[in-house]
Amino acid sequence: MAYAALSSLMHTLQKLLQPKSPLICGTSMQQQHVESVHQSVCALQVFLEDATNEVSDIENLKVLERKIRDVVYKAEDKVDSSLSNIILADNDDDRDRACRLLNQELQVVEMAFDSLEKEVMVVEFNKHGGKSEELATTSYSLVKNNTEETTFVGMKDDLDAIVNCLNAQMKELIVISVVGMGGIGKTTLARKVFDDSTIRCRFDKHAWVTISEQYNKRKMLLEVASSVGGIINQETSNDRLMEIVYRGLKGRRFLIVIDDIWSTEAWDQVRRIFPNDYNKSRIILTTRLKNVADYASSPDFPPHDVSFLSLDDSWKLFTGRLFRMDPCPLQLVKIGKHIIQQCQGLPLSIVVIAGLLGKIGLTRDNWKKIEENLNSFFGTVSEQCQAILSLSYNCLPPYLKACFLYIGGFPEDLEIRVSKLISSWIAEQFIKERSNKRLEVVAEEYVEELMDRNLILAGRRKPNGRIKTCKIHDLLRQLCIREAQIENVVHFPYSDVPTYSDDINDRRRVIIPRLIEDYFCDHPRHRNGNITTRSLIFIGGKSYLVSEINQWPDIISHFKLLKVLDAREIGYDFSPIIPQLVHLRYVNARIAEIWTMSEIKHVEILDVDMPDPVEAERYLSIGEQQPLFLHNLQTLVLDSSPFLAEILKRTANLDKLKIRCVNQHNEWYAFLDCLILLQRLETLHIKAIEDNGHLVLSRDICLPNLKELRLAWTYLAWEDMTVLANLPNLEVLKTERAFNGIKWILDDDVVFQKLKYLRFEFENLEIWEASSDNFPMLEQLVLWNIEELEEIPQSFGEIMTLKLVEVEYCNPAVDNSAKNIQEEQENWGNYELQIRITPSVKWLASHTDDDGDDEEDDDDEDEDDDSDKADDDREEDDDEDDDKYAIIACI
């Protein structure tokens, strides 16, 4: 992976070129070598960026890329090994020897790059010498693709067939199987049905569960239980989860989608948690395997085979993705239809090839090159699909290739948190700076570009419109795994995919699943200083908690060039070895001491107190005590503690702060006093302990840059909202049991100047009086379980920026007031306002079912019965609760 390797080496060279860098040994000759290698790296990056635009000679380009990659890998290993020796030198003599070695290695690296540049010059000469014809271009403007809007083409008959089964008059539980090959649109079809409001309203409970090839019973139970019973404790036993699901569905009419199931054994385990109460409940099941579909389907409802698209429907899907509402330019129609014909009606192939053609430029010559590449391959639909996916990957810009392949390391069918993906890319040094933008911003642009190419799918979005989660189709994931191992981007032990090298020391990044101690058993035989692994990532959960675990940190200490260590799943303190791993940029592990890590940017500490900085100073000081500050820290997530104020005084440059377990004693007021120090803070989440009592905002909060605020269990007075209204840049406000009192009456001078998103959960508010002037910029209002509220202020109908009102599990009066607001907005000419209402199950239970099939819930036992699904935003904020150790990302 040449470009990613160059980017990583570039970061190291830029550090060496910084004025007064502690890594430079002070010789002008060494500085010249570094500058020479830096210039070569820049030139090679430019060459790869330009060469990728020429899609006609992919194979020769790949050969040259691999050669560049190998040279850069060896160069980076030589430089980093020498730097390790300089940093860890115990005395001046050792440091001098290390400096001389670095100088020698830089000369070897410089010679290797000189040789590479000569080869590149030959390629450049041949390319320009043989190319005289200018490509005819078109001025057609391509509309940016929105992958969130799935183009639903050619599947109306399939949709009607599924809906007819759902509407069947049979009262018994019906299982409807949807079967077809990967990429044919089974999940798209099921999602279309599941999200249809006219269908959803007929069912009391809804759940979507993705099973995948590796069936995980606990994951399945957690997904269903959270959908049926609300927020679920992650430590709940499987038996208790099954009970929650069964009791939550008992007597209720439910619609469940079981997506991507691979075995009859998995179905046998899944099936028994769903009661058959003869109330027209339905289960939709998707699978690639005909025997599974036959086995699971109800007797009178045979499996539905999803058909391939016709050529006309394939063309509609293609042009819809690529040109949206505009027609395809005439000069591209004939060649475009020939390309689409080779997709053989498989929707995944069509949308991926559309993403590729949309990025290489709308010229006939460019499309002709793609056509020629496809013409050289013939095979089954599945084989042709793989050829198209490979072509789309090969034509990616070089800066996206490693980022895309890295996604294959996430578990199958996982909804990937974009924040986690971005932090991983940055830690791996895949991201190249652009126009003085922060690396996080550039990485987000990478995510958007991969979505534009239809290589990853958009999931949920945040209130501000930014992407929260994404997914990857499993066929594309298989491509990632295959190419990642061949290109030595990521290695997956014990997969059946060919690898870059049989030598485990040469594997650049390793993702280790489950319990495989034997992987490390091989390493002691190779402790010769030549281990070049840069990333170790453990994804096996509690299966790592074994008797031999105390030996693993010692083994890992021999990975001297390691940059990424994600070992949170290993229950062992890695503090003793961290100082030896001088190249670490990202650590996700149990670590006892962090105050000496001055370059750290992101810290998340869970289930333990963050160390007291004053105590750390006493412990670490020799002679005169030196104050410890984390000036580079940007993100801090921690539990409240008696020394919270002292921590915040030493982390004044935070832009994101999340605090849990705040109590009503001195910690709260000391915390408020320290907020004035956090002038850069943009995001603040505060969660008090549940039996905390009432907290007070007794003064103004001076946070000029705060954009997002979340409060939970604080039980403030509604009058304290005046303090929050004075935050000049507040855009997002979310509360959960944050306020106490039944009345909130806003005066005219209380104005939330920039608030766009307002969300209330489980507040005991009954009377809410406000005008449109109090919320002049509001775009989204979400009310969740506000059961006593009489109505939404009707003047909200005058807020012309309003785009969405979402009401879930409130009383019918609130539902009606939301509809009234929509009517008023339409009177003002705004027909874009969306109203989403999920009625309270408690209220519905008191009314007779329209079909006369009303079932009494004899138990009426669960307070969670009125929650239909785990809320997306709550999931995001509660993700940290799943982690049991300190998570530290130093970038």
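This passage describes a β-sheet, the helix packed on it, and the aromatic side chains of a predicted model.

The sheet is open and consists of five parallel strands, arranged in the order β2-β3-β4-β1-β5. The edge positions are held by β2 (205-210) and β5 (304-305); each of these has a single partner strand, so one side of each is left without a neighbour in the sheet. Helix α6, formed by residues 186-194, packs on the sheet and touches β1 (174-179), β2, β3 and β4. The direction of helix α6 makes about 165° with that of β2. Within the sheet, strand β3 (residues 254-259) runs parallel to strand β4 (residues 282-287), and four bridges join the two. In this pairing, Ile 256 of β3 stands opposite Ile 283 in β4.

The aromatic side chains form 22 pairs. One of these pairs joins Trp 315 and Phe 318, whose ring centres are 5.4 Å apart; the planes meet at 35°, so the pair is classed as tilted. Both residues belong to helix α12 (residues 311-323), where they are separated by about one helical turn because they are three residues apart. Trp 315 is buried, with a relative accessible area of 16%, and Phe 318 is likewise buried, with a value of 0%.

Elsewhere in the chain, one aromatic cluster is formed by Trp 718, Phe 739, Trp 744, Phe 752, Phe 760, Trp 768, Phe 775 and Phe 796. Charged side chains are also found over aromatic rings: Lys 401 lies over the face of Tyr 393, at 5.6 Å from the ring centre, and Arg 650 lies over the face of Phe 629, at 5.6 Å from the ring centre.

How values were computed
Residues are numbered from 1 along each chain as its sequence is written. This is a predicted model: local features need pLDDT of at least 70, side-chain atom pairs count only at pLDDT 80 or more; totals for chains, interfaces and linings use all residues. Side-chain values use heavy atoms; hydrogens and water are left out. Two strands pair if DSSP finds at least two bridges between them. Contact means heavy atoms within 4.5 Å. Axes are lines fitted to C-alpha atoms, for helices over the stretch in contact, and angles run from 0 to 180 degrees between N-to-C directions. Rings of Phe, Tyr and Trp (its six-membered ring) pair if their centres lie within 6.5 Å; planes under 30 degrees apart count as stacked, over 60 as edge-to-face and the rest as tilted. Buried means under 20% relative accessible area, exposed over 50%, partly exposed in between (1.4 Å probe, protein chains only). A charge sits over a ring if NZ of Lys or CZ of Arg is within 6 Å of the ring centre and within 35 degrees of the ring normal.
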